[in-house]
Amino acid sequence: VFDHIDGGAECEVTLTQNREGFDDISLLPRALMHVTQPDLATSVCGIRLGLPFICAPTGLVGAAHPDGELAASIAAPEIGAKALVSTHATYSLEELALGAPEMPWFQLYPPADRDFCTALLERALVTKVPLLAVTVDVPVPGNRERDVAHRYSIPPKVTPKNAWSVMSHPTWALRLVRNPRIFPKNFVGGSDRVRYREVIPLLRKSMGAMSPRVDWDDLDWLRSQWPGPLLVKGILRSEDARRAVDAGVDGIVVSNHGGRQLDGVPASIRVLPSIVESVGSDVDVLLDSGVRRGTDIVKALCLGAKACLVGRPWVYGLAAGGTEGVRAVLGVLRDELVRTMVLLGCSSVKELSPEYLWTSSK
Ligand SMILES: Cc1cc2nc3c(=O)[nH]c(=O)nc-3n(C[C@H](O)[C@H](O)[C@H](O)COP(=O)(O)O)c2cc1C
């Protein structure tokens, strides 16, 4: 489970470069600026955020801890951030509507099966999902070789090695047995319990949500079906960003899926400036992949992002301590943001610009 979350595709070149991309950027602070309580609020597609970050959609993380996606949906709004929940969540939309203080944002894939997608959109409307994100960088799942090595597959394969691994983590295994949050609940609908004989067909059906047959017409169709704000997640080319804007989306998430899809693509932070330039002020641009610290979020905002999505960090917090662990991670990010803004001498995230970045000419 750890390697499934932590790992990337193939040689993990992009996974590594996502960090290098941030490390290569230097901040340039202003001195004596009297900043005590920086304003961290921003907006995405007209929705106010008290903090410029969002828990990224991560499928099936109930395997890390049964609090799963509900943990992010509780912890994020508590401190003014947002949660964006995966179609492959282990909590259904209806369960999140019941358990979370505010309905999280929802991620889905381009509609390979329009009937299923229509039903999902109806459920999203009924549960009052405020924003939808469509992920376009998974025509097929990436080749994650740590998963291959561990036989971490759908359906899962039991080997002596992974059986031993389960037995040697008794607390985790006991939690899993008591509350097996390991199924993509949106594929059964509602709050029904999953019966064991349904599991394998259910997992197969969920894999069918991702298809290489989808194209720009499917994005147009989705736009025509969803009346609320729509983000496109997984864009790395400027012309794709423009095309998505022409299709009527409200925002772009520059993302390489945390290095989990096509290995060898550039770090998201490296392509961000060209995408911001190509879409101008027409839509909001967000970024994910490699964000680990408050300084990373500040760097992305300096380069034109409105907010960042944070993937693995909240899932590590979840694995370590359930909802409390997610609260701790998000609190660290908030504290780092405050300190970074004070050290930078900038009183509002809305004022961040390339002015606060060092280049050799400065
Ligand atoms: C375990 C895991 C599962 C993920 N599942 C999804 C998913 O279901 N849908 C999606 O759009 N992105 C998914 N992602 C990608 C994240 O939304 C995000 O793009 C990525 O994690 C950002 O990189 P970071 O982990 O370096 O912050 C997943 C990422 C991880 C680590």
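**Figure 1. By class, 4 nonpolar, 1 polar and 2 charged residues make up the lining of the largest cavity.** Like every view in this set, the close-up is taken from a predicted model. The space inside the largest cavity comes to about 40 Å³. Around this space you will find S73, P77, K82, A83, E102, M103 and P104. Two elements each contribute two or more residues to this lining: α3 (68-79) and β4 (82-85). If you would like to place the cavity in context, a search of the whole structure returns 2 cavities of 30 Å³ or more.

**Figure 2. The second largest cavity holds about 30 Å³.** Which residues line the second largest cavity? They are C55, A56, P57, T58, E69, A72, A83, L84, V85, S86 and W314. Sorted by class, this lining consists of 8 nonpolar, 2 polar and 1 charged residues. At least two of the lining residues come from α3, and at least two from β4. With 3 residues, β4 provides the largest share. Readers moving between the two cavity views can use A83 as a landmark, as A83 is listed in the lining of the largest cavity and also in that of the second largest.

**Figure 3. The ligand sits among 21 residues, with P57, S86, T135, D288 and R292 coming nearest.** By class, the shell around the ligand has 5 nonpolar, 11 polar and 5 charged members. P57 and S86 will be familiar from the previous view, since they also appear in the lining of the second largest cavity. For the backbone contacts, start at P57, where a polar backbone atom is 2.6 Å from an oxygen atom of the ligand. At G59, a backbone N or O atom and a nitrogen atom of the ligand are 2.9 Å apart. At G311, the distance from a backbone N or O atom to an oxygen atom of the ligand is 2.9 Å. How much of the ligand does the protein bury? On its own the ligand exposes 600 Å², and the protein buries 97% of that area.

**Figure 4. The second largest pocket has a volume of about 630 Å³.** Its lining counts 28 residues, of which V136, D137, V138, P139 and G234 are the closest to the centre. The elements α10 (216-225) and β7 (230-235) are the ones that give two or more residues to this lining. The largest share belongs to β7, with 3 residues. In terms of class, the lining splits into 17 nonpolar, 8 polar and 3 charged residues.

**Figure 5. A salt bridge joins the side chains of K350 and D39.** The N to O distance in this pair is 3.4 Å. Where in the chain do the partners K350 and D39 lie? K350 belongs to the segment after α14 (312-344), while D39 is in the loop between α2 (13-23) and β1 (42-44), so the pair ties together parts that are 311 residues apart in sequence. The count of salt bridges comes to 22, and the pair of K350 and D39 is the one picked out for this close-up.

Definitions and conventions: Residues numbered from 1 in each chain as written. Predicted model: local features only at pLDDT ≥ 70, side-chain atom pairs only at ≥ 80, totals over all residues. Heavy atoms only, no water. 1 Å grid on protein atoms, 1.4 Å probe; cavity = no way out; pocket = protein on both sides within 12 Å on 5 of 7 lines; lining within 4 Å. Points joined across faces, edges and corners; volume = space filled by probe spheres on them. Helix = DSSP H or I, 4+ residues; strand = E, 2+ residues; numbered from the N terminus. Nonpolar A, V, L, I, M, F, W, Y, C, P; charged D, E, K, R; others polar. Near = heavy atom within 4 Å. Polar contact = N/O pair within 3.5 Å; in protein donor to acceptor, adjacent residues only side chain to side chain. Areas by Shrake-Rupley, 256 points an atom, 1.4 Å probe, with all protein chains shown as cover. Salt bridge = Lys/Arg side-chain N within 4 Å of Asp/Glu carboxyl O.
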